[in-house]
Every structure is written in structure tokens, then in C-alpha cells.
Amino acid sequence: MQNKYKEYIFIAALVIILLIAYFAIPYLTANKFKEVQLVEVRYKDQEIMTFDIDIDKHYVIEVDNGLMHIEVKNSRYRVYDVDCPDKICEKVGWVEKNSSTLIVCLPNNIVLVQI
Ligand SMILES: [Zn+2]
């Protein structure tokens with residue numbers, strides 16, 4: 001009788017641990033690896049456009065000095081062919097997913113940031 005009781009406790013504890021693991025693991029991994037990584041394009045601190053870093057696409061946006069091209073490819077993005085006097089924004093090059101690197105274009109008041 002005493003042994004059976006211990007066995008029940010053991011099984012109950014095992015079930016509880018398995019249940020916690022079952023629900024906790026997807027929750028923890030979901031937080032670490034966001035399914036959708038968005039990049040926000042800001043003009044003078046106002047969001048003007050948002051794009052998904054995992055969707056390969058070209059965007060052209062109007063900026064103060066003309067146009068800015070944004071290329072998204074293989075979960076990376078860059079700006080090119082920008083009407084910008086200093087071209088510092090283009091020199092940043094490709095920005096990887098989950099990077100904290102900002103693409104800043106001061107002459108056009110544009111910032112690209114992952115959110
Ligand atoms: Zn620039």
C-alpha cells in the first residue's frame with residue numbers, strides 16, 4: 001500500500017514536469033526567435049513604412065533629396081542608389097536579421113531600424 005502511494009506521487013510528478021516542459025518550451029523559443037522581424041523606416045522620427053525582413057523585395061521611397069532604394073534579400077537589407085550627398089547610408093551595406101545596426105541617412109532624415 002505504501003509503495004503504491006509513492007508510485008502514484010512519482011508518476012504524478014513526472015506528468016506535471018512533462019506538462020510544464022510541453023507548454024514552456026515552445027513559449028520560450030517563440031520569444032527568442034520571433035517569427036516576423038520587421039524593419040521600420042522612419043522620417044524625422046515618424047514611421048513612414050514597415051517591411052518584413054524575410055520577404056525578398058525592392059522598395060523605392062521618396063526622400064527629401066529624391067529617391068532611396070531599399071533591397072531586402074535573404075533576410076538582410078540595404079539601401080542603394082540613394083539621392084544623398086554623403087552616401088554614408090549606402091556605406092553601411094547589408095544589415096543582418098536581429099542586428100542592432102541602424103541605417104541612418106542624415107541628409108534625408110531617414111532611419112531604418114529593426115523593431
Ligand atoms: Zn544618405
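Here is a short conversation about how the descriptions of this predicted model are reached.

User: Before we start, what should I know about the model and its numbering?

Analyst: This is a predicted model, in which local features need pLDDT of at least 70, side-chain atom pairs count only at pLDDT 80 or more, and totals for chains, interfaces and linings use all residues. Residues are numbered from 1 along each chain as its sequence is written.

User: What makes up the secondary structure of the protein chain?

Analyst: There are two helices and eight strands. Helices (H or I, at least four residues) and strands (E, at least two) are DSSP runs, numbered from the N terminus. Read from that end, the order is α-β-β-β-β-β-α-β-β-β.

User: Why is the protein chain called more spread out than a compact globule?

Analyst: The radius of gyration, taken over C-alpha atoms, is set against the globule rule, 2.2 Å times the number of residues to the power 0.38. For 115 residues the rule gives 13 Å, and the protein chain has 24 Å, well over that, so it is more spread out than a compact globule. Along the principal axes, the C-alpha atoms fill a box of roughly 85 × 25 × 20 Å.

User: How is the protein chain divided into domains, and what distance separates their centres?

Analyst: Domain 1 covers 1-33 and domain 2 covers 38-114; these bounds come from an automatic or database domain assignment. Taken over C-alpha atoms, the two centres are 47 Å apart.

User: How do you know which strands belong to the sheet with the order 3-4-5-6?

Analyst: Two strands pair if DSSP finds at least two bridges between them. Strand 3 and strand 4 have seven bridges, strand 4 and strand 5 have five, and strand 5 and strand 6 have two. Each of these counts meets the cut-off of at least two bridges, so the strands pair. The result is an open sheet of four strands with antiparallel pairing. Strand 3 (57-63) and strand 6 each have a single partner strand, so one side of each is left without a neighbour in the sheet.

User: Which residues face each other across these pairs?

Analyst: Ile61 has Met68 in strand 4 as its bridge partner. His69 stands opposite Tyr80 in strand 5, and Tyr77 is partnered by Val95 in strand 6.

User: What about the sheet with the order 2-1-8-7?

Analyst: Four strands form this open sheet too, with antiparallel pairing. Its edge strands are strand 2 (46-52) and strand 7, each pairing on one side only. Strand 1 (residues 38-43) and strand 2 are joined by six bridges, and Val41 has Met49 as its bridge partner in strand 2.

User: Why is Arg78 called partly exposed?

Analyst: A residue is buried if 20 or more other C-beta atoms lie within 10 Å of its own, exposed if 12 or fewer, and partly exposed in between, with C-beta atoms placed from the backbone. Arg78 has 17 such neighbours, so it counts as partly exposed. In strand 5, Arg78 points to one face with Arg76 and Tyr80, which are not buried, while Tyr77 and Val79 point to the other and are buried.

User: What does Arg78 contact beyond its neighbours within four places in sequence?

Analyst: Its contacts there are Glu71, Gly93, Trp94 and Val95; a contact means C-beta atoms, placed from the backbone, within 7 Å.

User: What makes a set of residues a nonpolar core, and which members touch the most others in the largest one?

Analyst: The set holds buried Ala, Val, Leu, Ile, Met, Phe, Trp, Tyr and Cys residues joined through C-beta atoms within 7 Å. The largest core has 15 residues, and Met68, Val79, Val82, Cys89, Ile103, Cys105 and Ile110 touch the most other members. Strand 4, strand 5, strand 7 and strand 8 (110-114) each give two or more residues to this core.

User: What is notable about phi in Lys87 and Asn98, and are they buried or exposed?

Analyst: Most residues other than glycine have a negative phi. Lys87, however, has a positive phi of about 60 degrees, and Asn98 has one near 65 degrees. With 13 C-beta neighbours inside 10 Å, Lys87 counts as partly exposed, whereas Asn98, with 11, is exposed.

Methods: Two residues are in contact if their C-beta atoms, placed from the backbone, lie within 7 Å.
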